[in-house]
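Okay everyone, thanks for coming. Let me put the next one up on the screen and then talk you through it.

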Amino acid sequence: MVTTTTHYSDARYRSNAGEGFDGVVRVYYGGYYGSGTLLFDGRAILTSAHLFAGRSGTASVSFETVAGTQTLTAQGHTLHPAYDGDGNNDLALVWLSGAAPIGADRYGIYRDEDEVGQRMTLVGYGRNGTGNTGATSSEGSPLLRLQAANRFDAEASTLVSRLGSTIDWTPLAGTQLLADFDNGLTRNDAHGQLLGRHDLGLGLDEGLIAGGDSGGPAFIGDRVAGVASYTASLSYGSADPDIDGFNNSSFGELAAWQRVSAYQQWIDQSLRARYADAPNRPADVVTAVAEGHTDTRLAYFLLQFTGVRSTPEQILSVDYATRDGSAQAGSDYLATHGTLMLYPGEDQAVIAVEILGDRQAEPNETFYLDVFDPVGGSFGAGVAKLTAVRTIIDDDGWLA
Ligand SMILES: [Ca+2]
Ligand SMILES: [Ca+2]
Ligand SMILES: [Ca+2]
Ligand SMILES: [Ca+2]
């Protein structure tokens with residue numbers, strides 16, 4: 001009745017490349033395809049661990065942007081250390097060997113724990129089909145990025161408390177989110193029938209994951225909130241919602257996404273650990289960054305907390321956003337915004353901003369990073385915002 005292998009999305013509504021989500025990629029490893037999301041520093045892909053486990057090879061990542069399809073060989077990948085092969089901690093990070101294509105969207109991660117009940121957008125390179133037939137196309141070429149929508153209905157450990165030993169896997173509490181594939185009929189409303197979470201879906205926008213979508217994102221707004229992990233066809237007592245009884249991403253099935261908000265510390269700290277040239281103390285901060293000639297390079301801003309936590313476990317945070325000076329977002333650097341978390345044991349961390357290389361002679365230019373909305377600390381009496389400036393040093397022969 002249940003499979004916990006790769007699955008993803010059966011979208012009845014779909015869009016092709018060029019309609020957004022240019023940072024959702026296809027990931028290839030060991031003869032298998034999945035999907036993934038380019039994260040906010042332009043250096044890492046968030047995907048699922050089960051694409052890699054038990055296989056060998058070198059990962060590659062294909063971007064579809066207005067510039068066409070670009071496939072990059074990965075430098076390596078990291079599985080979540082507690083991945084158990086049975087749907088828990090099913091996350092991996094793929095490390096690009098350089099910067100992602102400039103035209104690919106970078107995505108922040110969803111950090112709040114209010115996902116259940118929210119509409120989300122599913123994007124991936126999985127098989128397509130319809131809710132009545134299930135996934136019908138084969139995986140592989142050509143790249144076809146599909147899009148659909150759904151709503152998170154429940155947290156996956158609810159399955160255990162409601163269905164007991166009917167299910168043969170044990171979702172870790174708080175770490176997975178569920179959605180079902182609705183056709184508007186009560187009898188095929190999987191979470192209504194199985195969990196008492198009644199919702200008849202989003203009409204023609206509704207979709208689910210299918211093979212090839214594994215590792216792909218579920219976005220709430222423009223942030224990745226879930227990572228596609230598995231689908232299931234479940235029945236319980238008189239409840240038999242799957243329209244055809246097969247695990248094929250049809251109406252009446254449910255799917256699970258790894259809950260990104262529960263893994264933000266692992267994601268953030270894994271990315272930061274890759275910044276070999278990041279400053280560790282104020283004296284090492286580089287405020288003037290050479291522009292470079294191609295791709296992007298990282299400029300770092302160092303945030304330090306010098307106060308005392310109310311408890312050692314307290315997590316601190318600030319929000320941040322870049323702002324143009326004489327340098328302009330999109331032509332001189334890539335705009336970014338997000339939340340920087342300081343986890344227990346951390347009193348400082350860096351924010352990375354991508355500087356765009358080119359071969360044009362131009363003046364040295366500046367941009368800003370604003371930091372605001374501190375949680376768990378303050379910037380000092382009456383101070384609502386901190387601002388730092390970086391200078392992009394032209395290296396193409398400007399004479400002034
Ligand atoms: Ca649904
Ligand atoms: Ca439903
Ligand atoms: Ca089915
Ligand atoms: Ca240059």
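So, look at T37: its bridge partner in β4 is L46. T37 belongs to strand β3, residues 32-38, and that strand pairs antiparallel with β4, residues 44-47, over two bridges. By pairing I mean that DSSP finds at least two bridges between two strands, and a strand is a DSSP run of E with at least two residues, numbered from the N terminus.

Quick caveat: this is a predicted model, where local features need pLDDT of at least 70 and side-chain atom pairs count only at pLDDT 80 or more, while totals for chains, interfaces and linings use all residues. Residues are numbered from 1 along each chain as its sequence is written, and chains are lettered from A and ligands numbered from 1 in the order in which they are written.

Back to those strands. Both β3 and β4 sit in a closed, antiparallel barrel of six strands, running β2-β3-β4-β7-β6-β5. From one strand to the next, the twist averages 40 degrees, with axes fitted to C-alpha atoms and angles from 0 to 180 degrees between N-to-C directions. The whole protein has 25 strands and three helices, helices being H or I runs of at least four residues.

Now zoom out. An automatic or database assignment gives domain 1 (9-266) and domain 2 (279-393). Their C-alpha centres are 31 Å apart. Eleven residues of domain 1 contact eleven of domain 2, contact meaning C-beta atoms, placed from the backbone, within 7 Å.

And overall extent? The C-alpha trace spans about 75 × 50 × 40 Å along its principal axes.

Terms used
Two residues are in contact if their C-beta atoms, placed from the backbone, lie within 7 Å.
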